[in-house]
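Grab a pencil and work through these short exercises. Each one comes with a solution to check yourself against.

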Amino acid sequence: MNRKFALALVAAAATLAGNAFADDITIDTTPFVSTQSRAEVRAELDQYKRAGVNPWSNQYNPLARFESELSRAQVVADYVANRDEVAAITGEDSGAAYFARSEDGTDATRVAGRPINAQ
């Protein structure tokens, strides 16, 4: 008797639990106003076709023909020169300790709210 009652209770709970319905579709009624004329859009499309690319494709890579003006060695040297500063600025304190250091190389720190040229 208890099994039948428990089964009936589970079945009733499942049917009375209610269904979850998705929200209504939101329709944007703002009218679209183009910033380009039809001729400008066609000219841009023709330019892409002549170049052999489709900017609306999933495989479009705008950097496919990119050539850097710097050598790899120059980029690595720039990274090495700036990595301590970048690590300090992107650190846990968002660079507060880095910016509080004195610019003349001493260990003196600046106090927030006090101008540098104060006597």
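Buried means under 20% relative accessible area, exposed means over 50%, and partly exposed is in between (1.4 Å probe, protein chains only). This is a predicted model, where local features need pLDDT of at least 70, side-chain atom pairs count only at pLDDT 80 or more, and totals for chains, interfaces and linings use all residues. Residues are numbered from 1 along each chain as its sequence is written, and side-chain values use heavy atoms, with hydrogens and water left out.

**Exercise 1.** Work out how many helices and strands the protein has.

Solution. Start with the rule: helices (H or I, at least four residues) and strands (E, at least two) are DSSP runs, numbered from the N terminus. Counting gives four helices and zero strands. Reading from the N terminus, you get α-α-α-α.

**Exercise 2.** Place Ser57 and classify it as buried, partly exposed or exposed.

Solution. First, find Ser57 in the loop that sits between α2 (38–51) and α3 (72–89). Next, take its relative accessible area, 26%, so Ser57 is partly exposed. Finally, look at its side chain, which makes a 3.1 Å polar contact with the side chain of Gln59. (That's a pair of N or O atoms within 3.5 Å; within protein, one must be able to donate a hydrogen and the other to accept it, and residues adjacent in sequence count only if both atoms are side-chain atoms.)

**Exercise 3.** Do the same for Tyr79: buried or exposed?

Solution. Tyr79 belongs to helix α3. Its relative accessible area is 55%, so Tyr79 is exposed. Now zoom out: of the protein's 119 residues, 1% count as buried.
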